[in-house]
Amino acid sequence: MPMSRRALAAAAVALVLPLSACGSGGADGGSTDASGKVEGDITFQTWNLRANFTPYFDGLIADFEKKYPGTRVKWIDQPAEGYADKLSADAAGGTLPDVVNVSPDLVAPLARAGLAMDLDKAAGAYKSEYLQGAWAGHQVPGMTGTYAFPWYLNTGPLFYNKALFAKAGINPDQPPRTYDELFADALQMARRSGGKVATLANVPTIEDFGRYGVTLMNKQGTAFAFNDTKGVELLAKYKELYDAKALDPQALTATPESSGKKFLTGAVAMNPGSALDLDNFKKNAPSLYRNIGITDQITSTGHVNMYVMGVMVNSRTKHTPAAVAFAHFVTDAQNQMSFAKKVAIFPSTAGSLNDPYFTKEDGTDETRMRIAAAKSLKTAVNYTPVLFSDQMKTALRNEVAKALQGKESPRQALDNAVNAANRLLQQG
């Protein structure tokens with residue numbers, strides 16, 4: 001198996017790093033001046049990649065050392081399990097590697113502790129090489145700067161069942177694109193099927209609030225704000241869907257596996273998925289496969305959600321030019337493109353998604369999915385707030401469940417979720 005889907009999607013374990021453990025910031029660390037000679041020994045840490053990609057990284061490091069004689073890169077890889085804890089321990093102990101594979105939620109506490117180098121200062125000249133949304137992915141609310149090079153991206157188009165849409169009197173070649181269209185189609189689907197076919201199998205997540213156009217956090221990064229009028233409006237719409245059985249009755253406890261089964265059996269009309277799912281449909285549900293549609297994620301902002309993985313430079317590295325040069329080398333267009341052809345991810349470099357690999361059909365399902373995802377990623381943004389931890393996600397999910405069940409109003413539920421998230425934020 002390649003990397004876990006969780007790691008691929010950069011849906012990382014959230015980390016709330018005690019800032020007191022990290023000292024008072026980077027003032028006593030290295031310089032952000034990367035203009036000197038690229039030389040010295042540096043350490044590069046990846047996240048659960050050695051098992052499947054050793055030849056790729058060995059070649060990458062050899063190419064870098066050849067380009068810059070006098071450099072030496074020591075590669076270490078950490079398992080997926082406990083990665084956040086390992087970063088926290090290294091940060092507290094002053095043993096963070098020079099160059100570190102991170103996701104936005106993992107870089108945020110390191111940046112706030114002064115341990116992640118500001119690449120707007122150290123490597124601003126490279127900014128134009130990356131997609132705008134990807135470069136912004138490792139910015140931290142309340143701070144100026146960008147704290148990791150964007151590396152690989154992922155996103156997921158939606159599958160929909162054309163036969164179910166047609167049966168409900170909805171044009172199967174015009175699937176919903178905005179939330180307003182989705183809500184209208186979902187209510188019609190439920191009505192026409194007598195409540196037997198739901199359009200969705202999942203409750204709204206923080207990314208849904210973002211794609212709906214809700215302001216998720218204040219600009220200072222000190223408080224969450226998704227309980228505004230627009231946030232309440234979105235949850236109220238989901239409550240309407242739930243009551244009409246347009247949202248699957250088991251959505252409150254749904255997992256990706258259970259949602260996938262509902263889609264497979266025709267009980268749900270839309271579901272996220274991957275090329276692997278298409279292969280499954282082909283083998284186990286040929287009638288569904290013949291009627292499968294692929295469309296973008298639902299969004300009312302014009303931008304889908306991206307998951308972004310990054311490469312951070314330790315602000316206290318003793319070899320700033322070498323560390324910055326290597327982090328850039330790992331994430332440059334040529335090396336990202338090479339990596340993307342080994343695993344189902346997408347490069348964050350500007351122009352790379354125009355490559356024929358991401359645009360030219362060859363009749364295979366894998367390519368069909370890749371093209372659909374690559375197209376949407378060009379203008380995608382990371383809607384998951386970098387400060388939104390797993391505990392906060394759980395608090396939101398619990399409150400959403402209460403609202404859908406009628407135990408709380410949408411307003412009260414979101415007020416409670418925001419208050420819980422803000423308490424956790426202050427503890428961090």
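In what sense do S3 and strand S8 (residues 307-313) pair, and over how many bridges? Open the model, which is a predicted one, and select both strands. They pair in the antiparallel sense, over four bridges.

**Stop 1: the S3–S8 pair**

Colour two facing pairs. Asn101 stands opposite Val311 in S8. Val99 stands opposite Val313 in S8. Now show the side chains of strand S3 (residues 99-102). Val99 and Asn101 point one way. Val100 and Val102 point the other way, and all are buried. S8 is mostly covered too, with six of its seven residues buried.

**Stop 2: the other neighbour of S3**

Add strand S1 (residues 40-47). S1 and S3 pair in the parallel sense, over two bridges. Pick Phe44 and look across to S3: its bridge partner there is Val99. Next pick Gln45, which stands opposite Val100 in S3. Val99 is thus a good residue to keep labelled: it stands opposite Val313 in S8 and is the bridge partner of Phe44.

**Stop 3: the other neighbour of S8**

Select strand S4 (residues 149-154). S4 and S8 pair in the antiparallel sense over four bridges. Here Leu153 stands opposite Val308 in S8.

**Stop 4: the whole sheet**

Now show the six strands together. They form an open sheet in the order S2-S1-S3-S8-S4-S9, with mixed pairing. Strand S2 (71-78) and strand S9 (346-347) stand at the edges. Each has a single partner strand, so one side of each is left without a neighbour in the sheet.

**Stop 5: helix H4**

Go on to helix H4 (residues 104-112). How many of its nine residues are buried? Eight are, so the helix is largely enclosed by the rest of the structure. Select the buried ones: Pro104, Asp105, Leu106, Val107, Ala108, Pro109, Leu110 and Ala111. Then show what surrounds them. They pack against S1, helix H3 (83-93), S3 and S8. Before leaving, click Gly114, just after H4. Gly114 takes a positive phi of about 80°.

**Stop 6: the nonpolar cores**

In soluble globular proteins, nonpolar side chains tend to be buried together. Which residues touch the most other members of the largest nonpolar core? Select Phe57, Phe224 and Phe226, out of 124 residues in that core. Helix H14 (residues 320-330) gives the most to this core, with eight residues. Zoom in on Phe57. Leaving aside residues up to four places away in sequence, Phe57 touches Phe44, Thr46, Leu49, Trp75, Trp151 and Phe339. Phe44 is the residue from Stop 2, bridged to Val99. Apart from the largest core lies another, of eight residues. Phe263, Phe281, Ala285 and Ile292 are among them.

**Stop 7: a pocket**

Rolling a probe the size of a water molecule over the atoms shows where empty space is left. Turn to the second largest pocket, which holds about 550 Å³ of space. Which of the 19 residues that line this pocket are the closest to its centre? Select Pro141, Asn382, Tyr383, Thr384 and Pro385. Then colour the whole lining by residue type: 10 are nonpolar, eight polar and one charged.

Definitions and conventions
Residues are numbered from 1 along each chain as its sequence is written. This is a predicted model: local features need pLDDT of at least 70, side-chain atom pairs count only at pLDDT 80 or more; totals for chains, interfaces and linings use all residues. Side-chain values use heavy atoms; hydrogens and water are left out. On a 1 Å grid over the protein atoms alone, a cavity is a set of points where a 1.4 Å probe fits but cannot get out, and a pocket is an open set with protein on both sides within 12 Å along at least five of seven lines; lining residues have an atom within 4 Å of a point. Grid points are joined across faces, edges and corners, and a volume is the space filled by probe spheres set on the points. Ala, Val, Leu, Ile, Met, Phe, Trp, Tyr, Cys and Pro count as nonpolar, Asp, Glu, Lys and Arg as charged, and the others, Gly among them, as polar. Buried means under 20% relative accessible area, exposed over 50%, partly exposed in between (1.4 Å probe, protein chains only). Two strands pair if DSSP finds at least two bridges between them. A nonpolar core is a set of buried Ala, Val, Leu, Ile, Met, Phe, Trp, Tyr and Cys residues joined through side-chain atoms within 4.5 Å. Contact means heavy atoms within 4.5 Å.
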